[in-house]
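Thanks for coming. I will go through one model today, sheet by sheet, and then turn to a cavity and a few single residues.

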Amino acid sequence: MRRPALLLGLALALLSPPAGAQLRAPAANPPPVPESFQIGLSTETIAVGSNFGGARLVVFGALDNADPRIMRQGRYDIVVILEGPRSNLVVREKKRLFGVWINRGSERFESVPASYALASTRPIQDIAPGVTLRQLGIGMQNQAFERTPPRSGVPGNTQAYADALQRLKKDAGLYSETSGAIEFVSATLFRANLTLPPDMPVGRHVARAILFREGVFVRERSEDLWVVKTGIENQISVFAARNGALYGLMAVVVAVFTGWFGRIIFKRD
């Protein structure tokens with residue numbers, strides 16, 4: 001009986017790992033690499049002159065590490081937003097009293113974009129939940145204009161003034177939304193067309209591109225666009241900014257001279 005026991009012990013010794021060795025679990029599949037993308041602009045500077053009638057901006061980009069299955073199903077969505085320079089604005093309500101328009105009330109808002117243009121692959125309400133859209137500030141109705149507290153401390157109808165602000169901007173062509181304006185020119189390359197209004201505000205604009213996968217926010221990229229004045233308008237603007245008092249004095253002299261000269265020309269005998 002010793003020989004079978006000896007053989008069994010030898011087999012167990014050969015199968016057991018050496019002292020100090022550790023058992024390793026089989027390697028698991030590596031986690032999928034998250035999607036990423038890069039964007040670019042057709043131009044980084046737009047010159048605005050006296051004959052400027054608007055322009056078109058093309059935002060193009062490419063997806064990296066896109067899931068082929070989700071790509072075939074068309075479940076990748078992209079939203080491109082171009083925001084103009086931000087500033088503080090006052091919205092006033094006018095009321096006609098005895099044939100004269102007077103200010104009935106006002107609200108002051110901080111950091112309001114001078115222009116807002118949005119393009120998306122689909123209507124934004126079909127891309128992501130409303131909570132996500134509000135958190136990312138996607139869409140005119142999801143713009144959270146920060147109201148400056150009034151000095152009197154009397155609360156006002158802030159939402160009504162915010163709606164009026166958006167309506168005035170939209171009527172002026174400065175706020176716009178277009179669904180279906182982004183197209184995939186290949187499996188991973190996309191292009192967005194944005195129409196810029198003739199009254200494009202001067203300054204630094206920010207182009208934001210936001211990627212969604214099956215309604216879930218993935219990541220965001222941004223690029224700067226500069227709108228600058230050219231020609232005599234730029235020279236006058238620079239002169240007025242650097243020499244405010246002299247510019248005001250010259251404006252008064254020109255106004256007086258124009259009135260006097262017009263009176264001489266159109267004087268009746």
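A word on terms before I start: helices, with at least four residues, and strands, with at least two, are DSSP runs numbered from the N terminus. By that numbering, Thr-121 sits in the loop between strand 7 and helix 3, the latter covering 130-136. What you see is a predicted model.

Let me stay with Thr-121 for a moment. Is Thr-121 buried or exposed? Its relative accessible area is 17%, and the cut-off for buried is under 20%, so Thr-121 counts as buried. Its side chain makes a polar contact of 2.7 Å with the side chain of Asp-77.

Now the sheets. Strands of a sheet pair through backbone hydrogen bonds, and the pairing can be parallel or antiparallel. One open sheet here has 4 strands in the order 1-3-11-10, with antiparallel pairing. Its edges are strand 1, residues 36-41, and strand 10, each of which pairs on one side only. On average, neighbouring strands in this sheet are turned by 20° against each other, direction ignored.

Strand 11 is the one I want to look at in this sheet. Strand 11 covers residues 189-196, and its antiparallel pairing with strand 3, residues 55-64, runs over 8 bridges. On the other pairing, strand 10, residues 182-184, is joined to strand 11 by 3 bridges, again antiparallel. Strand 10 and strand 11 make a hairpin, with 4 residues between them.

Which residues stand opposite Ala-192 of strand 11? Val-59 is one of them, and Ile-182 also stands opposite Ala-192. Further along, Phe-184 has Phe-190 of strand 11 as its bridge partner.

Next, the faces of strand 11. In a regular strand the side chains alternate between the two faces of the sheet. In strand 11, Phe-190, Ala-192, Leu-194 and Leu-196 make up the covered face. The uncovered face has Leu-189, Arg-191, Asn-193 and Thr-195.

Strand 11 comes up again at the cavity. Rolling a probe the size of a water molecule over the atoms shows where empty space is left. How many cavities of 30 Å³ or more are there? The count is 1, and the volume of the largest cavity is about 50 Å³. Strand 7, residues 116-120, and strand 11 each give at least two residues to its lining. The lining consists of Leu-82, Ser-115, Tyr-116, Ala-117, Gly-173, Leu-174, Ser-176, Thr-195, Leu-196, Pro-197 and Met-200. Sorted by class, 7 of the lining residues are nonpolar and 4 are polar, with no charged residues. Two residues of that lining have already been mentioned: Thr-195 and Leu-196 line the cavity, with Leu-196 on the covered face of strand 11 and Thr-195 on the uncovered face.

On to another sheet. This open sheet has 3 strands in the order 5-6-8, and its pairing is antiparallel. Strand 5 and strand 8, residues 146-147, are the edge strands, each pairing on one side only. Strand 5, residues 86-97, and strand 6, residues 100-113, are joined by 11 bridges. Within that pairing, Val-91 stands opposite Glu-107 of strand 6. The hairpin of strand 5 and strand 6 has 2 residues between the strands, and Phe-98 there takes a positive phi near 55°. Strand 6 and strand 8 pair over 2 bridges, in the antiparallel sense. The bridge partner of Glu-110 in strand 8 is Glu-146.

Two residues of strand 6 deserve a line each. Asn-103 is in strand 6 and is partly exposed, with a relative accessible area of 45%. Its C-alpha atom is separated by 6.5 Å from that of Arg-92, and the two residues are 11 residues apart along the chain. Ser-111 also lies in strand 6. Ser-111 has a positive phi of about 55°, although it is not a glycine. With a relative accessibility of 34%, Ser-111 counts as partly exposed.

Last, Glu-214. Where is Glu-214 placed? Glu-214 is in the loop between strand 12, residues 203-213, and strand 13, residues 216-229. Its phi is positive, near 55°, in a residue other than glycine. Glu-214 is partly exposed, at a relative accessible area of 38%.

That is the end of the tour. I will take questions.

How values were computed: Residues are numbered from 1 along each chain as its sequence is written. This is a predicted model: local features need pLDDT of at least 70, side-chain atom pairs count only at pLDDT 80 or more; totals for chains, interfaces and linings use all residues. Side-chain values use heavy atoms; hydrogens and water are left out. Buried means under 20% relative accessible area, exposed over 50%, partly exposed in between (1.4 Å probe, protein chains only). Two strands pair if DSSP finds at least two bridges between them. On a 1 Å grid over the protein atoms alone, a cavity is a set of points where a 1.4 Å probe fits but cannot get out, and a pocket is an open set with protein on both sides within 12 Å along at least five of seven lines; lining residues have an atom within 4 Å of a point. Grid points are joined across faces, edges and corners, and a volume is the space filled by probe spheres set on the points. Ala, Val, Leu, Ile, Met, Phe, Trp, Tyr, Cys and Pro count as nonpolar, Asp, Glu, Lys and Arg as charged, and the others, Gly among them, as polar. Axes are lines fitted to C-alpha atoms, for helices over the stretch in contact, and angles run from 0 to 180 degrees between N-to-C directions. A polar contact is a pair of N or O atoms within 3.5 Å; within protein, one must be able to donate a hydrogen and the other to accept it, and residues adjacent in sequence count only if both atoms are side-chain atoms.
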